[in-house]
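Reader: Hello! I am new to this structure and would love a close look at one small part of it.

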Amino acid sequence: MTKFAITAMTEGLRRELREMKSHIRATCISPGLVETEFAVRQNKDDPQKARDQYASIECLQAKDIADTVLYVLGAPPHVEINDIWMRPTEQTN
């Protein structure tokens with residue numbers, strides 16, 4: 001639900017910016033499972049559980065998200081990329 005709320009808020013902001021003729025672009029990037037320290041910290045009593053969580057599929061990496069940000073920033077001035085959903089190929093939910 002949180003990702004949808006952020007997407008809706010970004011769309012509202014984008015529309016306000018367009019009405020103001022500001023030429024400021026707004027993009028929402030919604031990544032799926034990214035390998036971070038989150039699982040390690042969440043399962044600090046069971047480090048193996050954290051490792052297993054990320055070993056089940058090939059997760060997105062921080063570089064994947066950074067590359068997407070660079071792609072959005074590199075779009076020509078007349079192109080606005082509104083919403084990107086990215087997930088690991090094997091992610092099911």
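Which backbone oxygen does the side chain of Thr68 reach, and at what distance?

Author: Happy to help! The side chain of Thr68 reaches the backbone oxygen of Asp64, at 2.9 Å. That is a polar contact, meaning a pair of N or O atoms within 3.5 Å; within protein, one must be able to donate a hydrogen and the other to accept it, and residues adjacent in sequence count only if both atoms are side-chain atoms.

A word on the basis: this is a predicted model, in which local features need pLDDT of at least 70 and side-chain atom pairs count only at pLDDT 80 or more, while totals for chains, interfaces and linings use all residues. Residues are numbered from 1 along each chain as its sequence is written, and side-chain values use heavy atoms, with hydrogens and water left out.

Thr68 sits in helix H4. Helices (H or I, at least four residues) and strands (E, at least two) are DSSP runs, numbered from the N terminus. With a relative accessible area of 12%, Thr68 is buried; the term means under 20% relative accessible area, with exposed over 50% and partly exposed in between, for a 1.4 Å probe and protein chains only. Setting aside neighbours within four places in sequence, Thr68 is in contact with Ile29, Ile84 and Met86, where contact means heavy atoms within 4.5 Å.

Met86 leads us on to Leu60, as Met86 is also among the contacts of Leu60. Leu60 lies in the loop between helix H3 (47-55) and helix H4 (62-73). Leu60 counts as buried because its relative accessibility is 8%. Beyond its neighbours within four places in sequence, Leu60 is in contact with Pro31, Gly32, Leu33, Val34, Glu35, Ile65, Arg87 and Pro88, as well as Met86. Thr36 is 24 residues from Leu60 along the chain, and their C-alpha atoms are separated by 9.3 Å.

Now let us step back to the whole chain. The protein chain has four helices and two strands, and its elements run α-β-α-α-α-β from the N terminus on. Of its 93 residues, 27% count as buried. Among contacts with a separation of 6 or more, 67% are between residues 24 or more positions apart. Along its principal axes, the C-alpha trace spans about 50 × 25 × 20 Å.
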